[in-house]
Each structure stands twice: as structure tokens, then as C-alpha cells.
Amino acid sequence: MTTLLAVRDLKVQYPGKGFRQPPSEVLHGVSLTIAAGETLGLVGESGSGKTTLGRAVLGLVETSGGSIEFNGQPIQDLSARYRRKLAKDIQVVFQDPYTSLNPALLVSDILSEPLLAQGRSRQDAAASVAGLLDRVGLPKDAGNRYAREFSGGQRQRVAIARALAIAPKLIVCDEAVSALDLVTQARVLDLLIEIQRETKVAYLFISHDLTVVRHISHRVAVMYRGDIVETGTARDVTTSPSNPYTQQLLLAAPVADPAEQTKRRHARIALRTS
Ligand SMILES: Nc1ncnc2c1ncn2[C@@H]1O[C@H](COP(=O)(O)OP(=O)(O)OP(=O)(O)O)[C@@H](O)[C@H]1O
């Protein structure tokens, strides 16, 4: 399989607040790869550095060490002009469909924007909008309405359509279904899987929810305090994890059966005290 994204020994530090506080390193040398058409799930508890890694791939945070290659080319420290060019290949879907879409724009304008930014004509962009709406299961007339008129799940479909508009090779999905109810989550996940089958787009799928990640990912990487502690196939990581932190994460996932929930709580305590 062709490697699309290769992150090697990546370090990111954020400046301390005020001159007295030293910078704090939040990624300590992270390495991962994503093949063309593959989904890599990135899991870990809140604050482990998942979003920072996604933002580094998108060029939204400065890195302090290591490298990021896309299609064999280094993509760190690109000038704004080259970054804009790269936007054609790497897109993002954020968590919150309520704030990530401009409420003042018609959906057709939201979907046209990335196409126009890539130099496509207005006519050409308008012609693509109908196809994009259809692709994500929204009605044709959705283009003539404002994003604020839609439910969370529908808005996330608009966000996915916007990410797909310029046929990227990689989409960073940062908690892309976390704000949705369970049924809507499942539908949006199935949509992402279906789109991948058709377009061979790759996903870096960031989530704190192992159940969601297991559903969509080919491979899973587990982050803990700025390091990747385990990587493997989705099945191996979620059924027989080798790292104690991944075991904790799995045992922390809620289950419907109260007896199983109690069993897991005891297993978590045993792990912590072993
Ligand atoms: N802009 C910033 N300035 C300073 N520190 C930051 C900044 N953004 C994130 N951090 C810190 O970096 C660490 C990693 O945060 P990050 O958002 O990457 O984690 P995460 O795993 O995505 O968490 P969550 O699941 O809660 O979004 C945290 O300790 C956070 O407080």
C-alpha cells in the first residue's frame, strides 16, 4: 500500500502563559503512517494530544521537531501559498457542526467556497453543489437554505460535503461524530465508510470513543500523554490490547449490561493496583 501520510518523531510545544512559565511539550515524538484509502483511528483520553496532532497535520500549529510528509513531500513550514495548494489534498471535519459552518451563508455558498478558492468558475462550482448534496444524502433544495436551519446530523453532512468538494486525499475528522446522538452517529459513520469505498479518501479519525473508532478504522493508534503507546489493527487493539493504558481505555467504555459493567469496574481496579 502507498504511504500517504508519514509522521515521524513529531514534537509540538505550546508557549507557557507569561514569560515566567516555560513552554510545555504536548507531543513528545509521535510517529504514525496512513496509507492511501486507509482509516487510522486515533484514540486517547482528553488532553492526550490528539487534536494537536491533527492540527499539526493541517499546518495549524507549529512543530518543534520531527517531520510530516504527505505523498513523500515534507509539508511542515510551508509558505501560506503552498499550504493553500495542499488544502486541496488535506481537508478537515471538526466536532461541532454548530460552530464550524458559517450561519450567515447558504449551504450552496458553503459548498462552493472551497471550489472557488481552488480557482473553479462560479458556474462550475454551482454545478458541483447538487452532486455533493446528493452524495451526503441531503435533499436538492438544501443548497437554498442556511446551515442554521439544519439539525446537528444534517449540518455534519454539510461539513462532510464541504470537505469532499475538492476531492481530497486525506480528511482529518476531529471528533466528527461526538456531538451527535447514537443513531445519527451510526449514519454519519456509515456515510464516511461509503464515501471512502467510492473515492479511496483516507481518514485520520480522531475520537475519544473506542467503540466509534473500532467501527470505522482499519488500524488504531492509542495516544497517552503526548506519546503513541500502541498501534495495531482495529481488531487487535480493541480485542487484545497489549498496552496497560489501552486495556484501561477499553474497560472504561460503557456497556449496557450492568453485570458486565461491574466486572469491568473490578478489572479496572485490578489493573490499577497490579
Ligand atoms: N493553544 C494551546 N495553548 C496551550 N496549550 C494547549 C493549546 N491547545 C492544547 N493545549 C494543551 O495541549 C494538551 C493536548 O491538548 P489536545 O487538545 O491536543 O488534546 P486532545 O487529546 O485532543 O483532548 P480532547 O479530547 O479533550 O480534545 C492539553 O494539555 C491542552 O491543555
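This is a short walk through one structure, beginning with its ligand and ending with a few single residues.

Before anything else, please keep in mind that what you see is a predicted model, and that the values I quote are computed from it.

Let me start with the annotation. In an unreviewed entry, UniProt lists residues 7–250 under "domain: ABC transporter". When we look at that span in the model, its end C-alpha atoms lie 26 Å apart, and its make-up is 37% helix and 25% strand.

Now to the ligand. The residues that surround the ligand are Y14, V26, G44, S46, G47, S48, G49, K50, T51, T52 and H208, and if we sort this shell by class, we find two nonpolar, eight polar and one charged residues. Which helix gives the largest share of the shell around the ligand? That is helix α1, residues 50–57, which contributes three residues.

Helix α1 deserves a second look, since we can also ask how it sits in the rest of the model. Seven of the eight residues of α1 are buried, so this helix is largely enclosed by the rest of the structure. The buried ones are K50, T51, T52, L53, G54, A56 and V57, and I would point out that K50, T51 and T52 also appear in the list of residues around the ligand. Just after α1 comes G59, which takes a positive phi of about 75 degrees.

From there I move to the nonpolar interior. The largest nonpolar core has 64 residues, and the members that touch the most other members are L42, A161, L170, I171, L204 and F205. The largest share of this core, six residues, comes from helix α5, which covers residues 152–164. As general background, nonpolar side chains in soluble globular proteins tend to be buried together. To take one of these core residues as an example, I171 is in contact with Q91, V92, V93, A163, V201 and Y203, once its neighbours within four places in sequence are left aside.

Next, two residues with backbone angles that catch the eye. Most residues other than glycine have a negative phi. A167, however, has a positive phi of about 50 degrees although it is not a glycine; A167 is placed in the loop between α5 and β7, the latter covering 170–174, and it counts as exposed because it has 11 C-beta neighbours inside 10 Å. R225 likewise is not a glycine and has a positive phi, here of about 45 degrees. R225 lies in the loop between β9 (219–224) and β10 (227–233), and with 14 other C-beta atoms within 10 Å it is partly exposed.

Finally, two further positions. Is K200 buried or exposed? K200 is exposed, because 11 other C-beta atoms lie within 10 Å, where the cut-off for exposed is 12 or fewer. K200 is found in the loop between α6 (182–199) and β8 (202–206), and, not counting residues up to four places away in sequence, K200 touches A36 and G37. The C-alpha atoms of K200 and A179 are separated by 26 Å, with these positions 21 residues apart in chain numbering.

The other position is A126, in helix α4, residues 122–135. A126 is partly exposed, with 16 other C-beta atoms within 10 Å, and its C-alpha atom is separated by 9.8 Å from that of L116, which is 10 residues apart from A126 along the chain.

Methods:
Residues numbered from 1 in each chain as written. Predicted model: local features only at pLDDT ≥ 70, side-chain atom pairs only at ≥ 80, totals over all residues. Helix = DSSP H or I, 4+ residues; strand = E, 2+ residues; numbered from the N terminus. Buried ≥ 20, exposed ≤ 12 C-beta atoms within 10 Å, placed from the backbone. Contact = placed C-beta atoms within 7 Å. Near = placed C-beta within 6 Å. Nonpolar A, V, L, I, M, F, W, Y, C, P; charged D, E, K, R; others polar. UniProt positions renumbered as here; feature names shortened; annotations may be inferred. Core = buried A, V, L, I, M, F, W, Y, C linked by C-beta atoms within 7 Å.
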